[in-house]
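Student: Hi! Could you walk me through this protein structure in plain words?
Tutor: Happy to, let's look at it together.
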Amino acid sequence: MRVFVAGATGVIGQYLVPALVAAGHEVTGTTRATAKAAALQAGGATPVIVDGLDRRAVLDAVKAAQPDVMTALASMSSFRNFDKEFAVTNELRVKGTDYLLEAAREAGTRRFIAQSFVGWNNARTGGPVKTEQDLLDPDPVPSTRQSMAAIKHVEEAVPGAVPEGLVLRYGFLYGHGASDNMLDVVRKRQMPVIDGGTGIWSFCEVTDGAAATAAAVTRGAPGIYNIVDDDPAPVREWLPYLAECLGAKAPMRAPAWLGRLLAGQLVVSLMTQVRGSVNEKAKRELGWAPRYASWRDGFRDWAKTAGQARAA
């Protein structure tokens, strides 16, 4: 099929495009950088240099590609000044998604796959894990409200905008090219376990996220899917284990008041209140299962790969 990947050189895109090409799909990928366009072409995709907020350019690019399937991928940033750091991403999630959906309708595109996220946006009440049917946080941390509004826009707009609209909620992405800076933070003991570390995180290794997206090109009914591993876990378990995998000292401990002072309310919420997610729907309807069923195996390989890169 003809697949149009918006954000083809991002965290997921760098692994998704080669997988789609290998599967025999005709791939068009967008980027804003000329240098990255050359890499896309070398990988077998047709590159298009376009600004996702330029409506006319988006419409023209999709019209030229005439895709059967479109995917819209966003980037991730830091948690310190969340809405500020994600301002461009949020604009892309709202205006950019609307432009892509308009283009998809004009081109007669059958399937549209959009990227969302699950973690800080789950409701912080009730049980430790959530399904796709559970409500998102009705009272998000103030620094995330604009980002939450942008995510809700994507999740409400996409499923009904084209014949087959799917939204993939990735868990906390890790692995090469996804969150390597986190490893240095853990090595330097700059990520403490705050106030007991009771927040539940659901992870997704980056190549597993790409594999789920590739599966969604041909499988799954319209709707929302959690793309996470099988092992949601509290911070007090996964953070010391990651430090151990890196050969680093165990993380320090900090009270909530100090965490708020140094890192902000969102980080304290992530460490103490967030809820995890389950992946049964994605397994059942997308025919997908994570290669790294647990972050325990994924962290070990991630740390090993990162260590080899540092030594090289």
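Student: Let's start with one residue. Which residues does Ser269 touch, not counting residues up to four places away in sequence?
Tutor: With those neighbours left out, Ser269 touches Arg124, Val141 and Val274. Contact here means heavy atoms within 4.5 Å. Before we go on, this is a predicted model, where local features need pLDDT of at least 70, side-chain atom pairs count only at pLDDT 80 or more, and totals for chains, interfaces and linings use all residues. Residues are numbered from 1 along each chain as its sequence is written, and side-chain values use heavy atoms, with hydrogens and water left out.
Student: Got it. Where is Ser269, and is it buried or exposed?
Tutor: Ser269 is in helix H11, and at 2% relative accessibility it counts as buried. Buried means under 20% relative accessible area, exposed means over 50%, and partly exposed is in between (1.4 Å probe, protein chains only). As for the label H11, helices (H or I, at least four residues) and strands (E, at least two) are DSSP runs, numbered from the N terminus.
Student: And Ser147, buried or exposed?
Tutor: Ser147 is buried, with a relative accessible area of 1%. Its place is in helix H6.
Student: OK, what about the nonpolar core? How many residues does the largest one have?
Tutor: The largest nonpolar core has 39 residues. A nonpolar core is a set of buried Ala, Val, Leu, Ile, Met, Phe, Trp, Tyr and Cys residues joined through side-chain atoms within 4.5 Å. The residues with the most contacts inside this one are Val186, Trp201, Phe203, Trp238, Leu239, Leu242 and Phe299.
Student: Which elements give two or more residues to this core?
Tutor: Among them are helix H6 (145–161), strand S8 (172–174), helix H9 (235–246) and helix H13 (295–311). H9 gives the most, with 7 residues.
Student: Is there another core somewhere, and which residues does it include?
Tutor: A second, separate core has 29 residues, including Ala45, Leu73, Ile113 and Leu166.
Student: Back to Phe203 for a sec. What is it in contact with?
Tutor: Leaving aside neighbours within four places in sequence, Phe203 is in contact with Phe172, Tyr174, Val228, Asp229, Trp238, Trp295 and Phe299.
Student: Lots of rings there! How many aromatic pairs does the count come to?
Tutor: The count comes to 15 aromatic pairs. Rings of Phe, Tyr and Trp (its six-membered ring) pair if their centres lie within 6.5 Å; planes under 30 degrees apart count as stacked, over 60 as edge-to-face and the rest as tilted. Phe117 and Phe172 form an edge-to-face pair, 5.3 Å centre to centre with 90 degrees between the planes. Phe117 is in strand S5 and Phe172 in strand S8, 55 residues apart, so to speak linking distant parts of the chain. Both Phe117 and Phe172 are buried.
Student: Why is the pair of Tyr174 and Trp302 tilted?
Tutor: The planes of Tyr174 and Trp302 are at 45 degrees, with the ring centres 5.5 Å apart, so the pair counts as tilted. Tyr174 is in strand S8 and Trp302 in helix H13, 128 residues apart. Tyr174 is buried at 1% relative accessibility, and Trp302 is buried with a relative accessible area of 5%.
Student: Switching topic: which strands does S1 pair with?
Tutor: S1 (residues 2–6) pairs in the parallel sense with strand S2 (residues 26–31) over 4 bridges. Another 4 bridges join S1 to strand S4 (residues 69–72), also in parallel. Two strands pair if DSSP finds at least two bridges between them. Arg2 stands opposite Glu26 in S2, while the bridge partner of Val3 in S4 is Val69.
Student: How many residues of S1 are buried?
Tutor: S1 is mostly covered, with 4 of its 5 residues buried.
Student: And what does the chain cross through from S1 to S2?
Tutor: The chain goes through helix H1 (residues 13–22), and this β-α-β crossover is right-handed. Right-handed means that, with the strands pointing away from the viewer, the path from the first strand over the helix to the second runs clockwise.
Student: Which residues of H1 are buried?
Tutor: The buried ones are Gly13, Leu16, Val17 and Leu20.
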